[in-house]
Amino acid sequence: MATDLTRYRNIGIFAHVDAGKTTTTERILKLTGKIHKIGEVHDGAATTDFMDQEQERGITIQSAATTCFWKDHRLNIIDTPGHVDFTIEVYRSLKVLDGGVGVFCGSGGVEPQSETNWRYANDSEVSRIIYVNKLDRIGADFFRVVKQVEEVLGANPLVMVLPIGRESELKGVVDLLTRKAWVWDDSGDPLNYEVQDVPEDMKDAVEEWREKLIETAVEQDDDLMEKYLEGEEPSIEDVKNCVRKGTINLDFFPTYCGSSFKNKGVQLILDAVVDYLPSPTEVKPQPEIDLEGNETGSVAEVDVNKPLRALAFKIMDDKYGALTFTRIYSGKLEKGTNVLNTFTGKTERIGRIVEMHADSREEVDTAQAGDIVALLGMKNTQTGHTLCDPDQPATLEPMVFPDPVISIAIATRDKANAEKLSTSIGKMVKEDPSFRVETDEDSGETIIQGMGELHLDIKVDILKRTYGVEVDVGQPQVAYRETVTQRIEDSYTHKKQSGGSGQFGKIDYIIEPLEPGDGFQFESKVVGGNIPKEFWPAIEKGFGSSRERGVLAGYPTVDFKVTLTDGSYHPVDSSAVAFETAAKAGYRQTMPKAGAEILEPIMKLDVFVSEDHIGDVIGDLNRRRGIIKSQEPTATSVQIKAEAPLSEMFGYIGSLRTMTSGRGQFSMEFSHYASCPRNVAEQVIKEAQEREEAKKK
């Protein structure tokens, strides 16, 4: 049966760690009738947090997709993690959402992670509504958070409700459009509320904010705006249509408030999701790419009758096997049919299709455009792969994942564990593309790489608990890089004469530094036939593959350009291999002359401490080669923004807790690479040499 896609809402709920995102999701599920007993995160019983690690740490690590219903609308909710080491999850979820709810803490306000998530959502052009939660907390202030949204995020919050009462006196909210007060009693039951008239002492504020709301909304419609300026007030329906239009255009973000924990204000958010967030048919369709990666100009239209286009956006391993979470953009998916995976070029058979509700599931035979479902038994499909109709193939834009900045060596204690380790790690890499694994050929150690200390900590924890693999963990290693600082013109001739044909290739080239972040570039300016065109790719490959090992400490070399200026060849002895060898030797010869230097990853840091500990924390950051960018008071503490090298930040949480008697908090994410001070670089090079020596022994 065809469903009415205008009644679908695919939404994500995202926020800073601890803003109450999972509690909000819980309340939504309770209200939409899916859960009968409300789970509390701090009891470790939330429905969407079903991994041991999530229940213990009180944070959401894996995003879970859940379907529920509200006012004849079907909501597919993706719960995303807020912790920075898992931004990859947020990024993936945003890719497949049509709209989102940004949750902010009423006292913490716009925190660093909220900024990152907001930036990602802007990049993905996702319409959002804002929900300021935890207004029952001491120091919570709705209007301060609204101001922060404007100043810190540069966004335009459209205030739709006002809170009744402050902090522990929070009773409910006033809906500005209808001028009605929703007041909850203290039973904690979200259904125990009354709709009343606006309290006397709030009438002026309600009129003032209502006027702002209508003025902003009617800008979406010239006719209404004209009438409004002539003094004719638009109907509530008209205003709602304008708010919907502006929300979908990202002109503003309808802003709500309440307390999920106390069950106050959540119904209005559900209404707003239905009223203002786009259905799958109202968002920009995904561009299609051909199998070579070029845009074809056509898009995956949200239409059941079009060819199948679906994106696998997450893989989760659970007790029933691997679940592949998939968003269907167009066409339909049927049990027992074959689909083409454009990445692997192979077809896969669709086994079981399930709709997920946190950790319970419902099997279905078909799913269609607009749906988010989990597929069981997909063997070769990974995150970011497109599944499509084998007769009409196309790829959806693939996801891009950042490179890891930190690695640790892990080793198993015995042979039985070693086999378990390789299968478990295989599964974990499938689930999380920002988690990489290498085996050190010489030492036989397994090196795991990730986005931060916590990221790897949790991976080791999952190995131990979920997969029962005991490992010994080495010291964290920083992912350094190398680069060049000077422009050098150089030349290299590769000549080898042995029985039969020889090898010959001469190259003249320039190696020069590029701007940070530009990677590696190659250009040939050879004119005439001094080096035939067919050998240029071999020369590029020679330099390109050499950059994996820098000349100082063996770290990858970045941000440099090689320009081939001239050279010569021998009609018999020259070959692609000869020129590739010349390029590799040229790299080793020229890099040391070009002022090679070591780059280290610099992290962006946000530290929250109370007034009386600022001195100690700043002093400690200075000792860690940190640069303090700013200090701003928040409701309950001071926020210090800084940048510091990753190598100095290991174990920081321990020292911060000691300095602040356990009250300080921080979050950290990768910012950029910068050159190391000489003494640090010397140490890095020395350690690299020692590792090489140890391997030889």
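This report describes the nonpolar cores and the aromatic ring contacts of a predicted model.

## Nonpolar cores

The largest nonpolar core has 68 residues. Within this core, the residues that touch the most other members are Val-101, Met-160, Val-243 and Tyr-256. The element that gives the most to the core is helix α9, which covers residues 266-276 and supplies eight residues. A second core, separate from the largest one, has 46 residues. Among its members are Ala-644, Tyr-652, Ala-681 and Ile-685.

Val-243 can be looked at in more detail. Which residues does Val-243 contact, leaving aside its neighbours within four places in sequence? They are Leu-158, Met-160, Leu-213, Ala-217, Phe-252, Pro-254 and Tyr-276. Met-160 therefore appears twice: it is listed with Val-243 among the residues that touch the most other core members, and it is in contact with Val-243.

## Aromatic pairs

The model contains 14 aromatic pairs. One of them joins Trp-118 and Phe-253, whose ring centres are 4.9 Å apart. The planes of these two rings stand at 65°, and an angle over 60 degrees counts as edge-to-face, so this pair is edge-to-face. Trp-118 belongs to helix α4 (residues 112-123), while Phe-253 belongs to strand β11 (residues 253-257). The two residues are 135 residues apart, and the pair links distant parts of the chain.

Are these two residues buried or exposed? Residues under 20% relative accessible area count as buried. Trp-118 has 3% relative accessibility, so it is buried. Phe-253 has a relative accessible area of 5%, so it is buried too.

Another pair is formed by Phe-313 and Phe-325, with ring centres 6.3 Å apart. Their planes are at 50°, so the pair is tilted. Phe-313 lies in strand β14 (residues 309-318) and Phe-325 lies in strand β15 (residues 321-330), so the pair ties together parts 12 residues apart in sequence. Phe-313 is buried, with a relative accessible area of 2%. Phe-325 is buried as well, at 2% relative accessibility.

## A ring cluster and charges over rings

Trp-118 and Phe-253 also belong to a cluster: ring pairs link them with Phe-104. In addition, Arg-128 lies over the face of Trp-118, at 4.2 Å from the ring centre. Trp-118 thus has an edge-to-face partner in Phe-253 and a charged residue, Arg-128, over its face.

Which residue lies over the face of Trp-209? That residue is Lys-212, at 3.8 Å from the ring centre.

Conventions:
Residues are numbered from 1 along each chain as its sequence is written. This is a predicted model: local features need pLDDT of at least 70, side-chain atom pairs count only at pLDDT 80 or more; totals for chains, interfaces and linings use all residues. Side-chain values use heavy atoms; hydrogens and water are left out. A nonpolar core is a set of buried Ala, Val, Leu, Ile, Met, Phe, Trp, Tyr and Cys residues joined through side-chain atoms within 4.5 Å. Buried means under 20% relative accessible area, exposed over 50%, partly exposed in between (1.4 Å probe, protein chains only). Helices (H or I, at least four residues) and strands (E, at least two) are DSSP runs, numbered from the N terminus. Contact means heavy atoms within 4.5 Å. Rings of Phe, Tyr and Trp (its six-membered ring) pair if their centres lie within 6.5 Å; planes under 30 degrees apart count as stacked, over 60 as edge-to-face and the rest as tilted. A charge sits over a ring if NZ of Lys or CZ of Arg is within 6 Å of the ring centre and within 35 degrees of the ring normal.
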